[in-house]
Amino acid sequence: MAPKAWIMTHLRELVWFPASGFSEGPVAEDIYEWQAMLLGPSSSPYEGGIFFISIRFPPDYPFKPPMVSWKTPILTPTSTNPRLPSVTRHRYLE
């Protein structure tokens with residue numbers, strides 16, 4: 001299956017089975033460039049927050065993974081650089 005077909009399959013699945021507190025989709029007409037929006041989980045320090053994530057699918061997807069990066073800075077007690085992942089950050093965003 002071609003990369004575009006894989007990506008379109010994922011997009012259809014996300015439309016049919018939406019996740020709570022999370023939305024995603026292509027940016028403009030570029031099927032390889034996506035943006036996701038994640039709501040901060042309740043009962044966490046991030047409650048009420050809105051966090052944006054950039055997702056870039058490579059031309060040889062699914063044989064290579066997408067590049068994912070945070071667009072919203074997230075500060076944690078274990079990280080002084082908001083662009084670097086940390087264990088604390090992932091624990092609260094599960």
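**From the nonpolar core to the surface**

In this predicted model, the residues of the largest nonpolar core number 15, and I7, W34 and F57 are those that touch the most other members; a nonpolar core is here a set of buried Ala, Val, Leu, Ile, Met, Phe, Trp, Tyr and Cys residues joined through side-chain atoms within 4.5 Å. Two or more residues come to this core from each of helix 1, strand 2 (30-39) and strand 3 (50-56), and strand 2 gives the most, with 5 residues. Helices (H or I, at least four residues) and strands (E, at least two) are DSSP runs, numbered from the N terminus. In soluble globular proteins, nonpolar side chains tend to be buried together. If neighbours within four places in sequence are left aside, W34 is in contact with I7, L11, L14, E24, G25, P26, V27, I53, S54, I55 and F57, where contact means heavy atoms within 4.5 Å.

The model is predicted, so local features need pLDDT of at least 70 and side-chain atom pairs count only at pLDDT 80 or more, while totals for chains, interfaces and linings use all residues. Residues are numbered from 1 along each chain as its sequence is written, and side-chain values use heavy atoms, with hydrogens and water left out.

Around this core, the secondary structure of the chain comes to 2 helices and 4 strands, which follow the pattern α-β-β-β-β-α along the sequence. Of the 94 residues in the chain, 31% are buried; buried means under 20% relative accessible area, exposed over 50%, and partly exposed in between, with a 1.4 Å probe and protein chains only. Among contacts between residues at least 6 apart in sequence, 23% join residues at least 24 apart.

Charged pairs also connect the strands. The count comes to 3 salt bridges, a salt bridge being a side-chain nitrogen of Lys or Arg within 4 Å of a carboxyl oxygen of Asp or Glu. R56 forms one with D30, with the closest N and O atoms 2.8 Å apart, and this pair links distant parts of the chain, since R56 is in strand 3 and D30 in strand 2, 26 residues apart. R56 is partly exposed at 35% relative accessibility, as is D30 at 32%. R56 also forms a salt bridge with E33, the closest N and O atoms being 3.3 Å apart; because R56 lies in strand 3 and E33 in strand 2, the pair ties together parts that are 23 residues apart in sequence. The remaining bridge joins D60 with K64 at 3.8 Å between the closest N and O atoms, and K64 counts as partly exposed at 46% relative accessibility. Shared partners join D30, E33 and R56 into one network.

D60 itself is placed in the loop between strand 3 and strand 4 (67-70). Although D60 and K4 are 56 residues apart in sequence, their C-alpha atoms are 9.6 Å apart in space.

On the surface, V15, W16 and F17 form a nonpolar patch with about 420 Å² of accessible area together. V15 belongs to helix 1 (residues 3-16) and is exposed, with a relative accessible area of 58%. Patches are made of residues with over 30% relative accessible area and no salt bridge, like charges being joined within 9 Å and nonpolar side chains (Val, Leu, Ile, Met, Phe, Trp, Tyr) within 5 Å.

Confidence varies along the model. The chain averages a pLDDT of 81, and 78% of the residues score at least 70, pLDDT being the predictor's confidence in each residue, from 0 to 100. Over residues 87-94 the pLDDT is below 50, and this stretch has 20 contacts in the model beyond near neighbours in sequence.

Note on methods: Accessible areas come from the Shrake-Rupley method with a 1.4 Å probe; for residues, only the protein chains shown count as cover.
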